Amino acid sequence: AEEPTGDNKPILFIDVPSGVPEEARRFVEMGAQSLQCRQMAPALDAYRKAREILEGESAMSSSTGGTVMAGIGTTRMLQGELEEATQAFQAARGIYEELNLLESDEGLGTLVSLGNVWVQRKQH
């Protein structure tokens, strides 16, 4: 008989998956806070550091990796760097797709953002 596993609970985003270092989560939170205050340089810096940590731990394919890429995308979009924003959002979308999280709030938010960037790029 198979052992029942406890890992089929729905995934909540506040819940940082195991294998994601605490340090990365702190940088993600810093990035989000900076973004809310419209401080683009510190936001990008924090997300980049989170990304480095995640890549070092081979954890970029986690939902946290998606959050980081979406954060970078949002920052780039607000800075008017639409090419970079598109690449970051596409990376985030790929991660959420892999994890079957495209219909989650974060996944849908990423798709909406990607649409917004494309609209802006058409206007330029």
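What share of the contacts in the protein chain with a separation of 6 or more comes from residues 24 or more positions apart? The answer is 58%. Keep that figure in hand for the close-ups below, which all come from a predicted model.

**Figure 1. The whole chain is a run of helices.** Walk along the sequence and you get α-α-α-α-α, that is, 5 helices and 0 strands. Of the 124 residues in the protein chain, 40% are buried. The chain exposes about 7700 Å², with carbon and sulfur atoms supplying 49% of that area.

**Figure 2. The largest nonpolar core draws on five helices.** This core holds 31 residues. The ones with the most contacts inside it are Tyr 47, Leu 54, Val 68, Met 69, Ile 72, Phe 89 and Val 117. Helix 1 (22-36), helix 2, helix 3, helix 4 and helix 5 each put in at least two residues, and helix 2 gives the most, with 8. As a bit of background, nonpolar side chains in soluble globular proteins tend to be buried together. For a closer look at one core member, take Val 68: setting aside neighbours within four places in sequence, Val 68 is in contact with Val 28, Tyr 47, Ala 50, Arg 51 and Leu 54.

**Figure 3. Helix 2 tucks a set of residues under helix 1 and helix 3.** Helix 2 runs over residues 40-56. With 17 residues, helix 2 reaches 24 Å from its first C-alpha to its last, close to the 24 Å expected at 1.5 Å a residue. Its buried residues are Met 40, Ala 43, Leu 44, Ala 46, Tyr 47, Ala 50, Ile 53 and Leu 54, and what covers them includes helix 1 and helix 3. After the helix comes Ser 58, with a positive phi near 50°.

**Figure 4. Ala 43 sits in helix 2.** Is Ala 43 buried or exposed? Its relative accessibility is 0%, so Ala 43 counts as buried. Apart from neighbours within four places in sequence, Ala 43 is in contact with Gly 31, Ser 34, Leu 35 and Thr 75. Another pair to check here is Ala 43 and Phe 27: they are 16 residues apart in sequence, and their C-alpha atoms are 8.9 Å apart in space.

**Figure 5. Helix 3 is mostly covered.** Of its 16 residues, 14 are buried. End to end, C-alpha to C-alpha, helix 3 reaches 22 Å, close to the 22 Å expected at 1.5 Å a residue. Gly 80 follows helix 3 and has a positive phi, near 80°. Arg 76 has its place in helix 3 too. Arg 76 comes in at 16% relative accessibility, and since the cut-off for buried is under 20%, Arg 76 counts as buried. Not counting residues up to four places away in sequence, Arg 76 touches Leu 44, Arg 48, Glu 81, Glu 84 and Ala 85.

**Figure 6. Ser 104 lies in the loop between helix 4 and helix 5.** The side chain of Ser 104 reaches the backbone oxygen of Leu 101 at 2.5 Å. Loop or not, Ser 104 counts as buried because its relative accessibility is 15%.

**Figure 7. Helix 5 has a buried side and another side with exposed residues.** How far apart are the end C-alpha atoms of helix 5? They are 27 Å apart, which agrees with the 27 Å that its 19 residues (105-123) should span at 1.5 Å a residue. The buried residues of helix 5 are Gly 107, Thr 110, Ser 113, Leu 114 and Val 117. These cover an arc of only 120° around the axis, so they fall on the same side of helix 5. That set packs against helix 3 (63-78) and helix 4 (82-98). On the other side of helix 5, Asp 105, Val 112, Lys 122 and Gln 123 are exposed.

**Figure 8. Leu 111 is a partly exposed residue in helix 5.** Leu 111 has 34% relative accessibility, which is why it counts as partly exposed. Leaving out residues up to four places away in sequence, Leu 111 touches Arg 93 and Leu 102. Leu 111 and Gln 90 are 21 residues apart along the chain, with 8.6 Å between their C-alpha atoms.

Key
Residues numbered from 1 in each chain as written. Predicted model: local features only at pLDDT ≥ 70, side-chain atom pairs only at ≥ 80, totals over all residues. Heavy atoms only, no water. Helix = DSSP H or I, 4+ residues; strand = E, 2+ residues; numbered from the N terminus. Expected span 1.5 Å × (residues − 1). Buried < 20%, exposed > 50% of the residue type's maximum accessible area, 1.4 Å probe, protein only. Arc of directions from axis to C-beta. Contact = heavy atoms within 4.5 Å. Areas by Shrake-Rupley, 256 points an atom, 1.4 Å probe, with all protein chains shown as cover. Polar contact = N/O pair within 3.5 Å; in protein donor to acceptor, adjacent residues only side chain to side chain. Core = buried A, V, L, I, M, F, W, Y, C linked by side-chain atoms within 4.5 Å.
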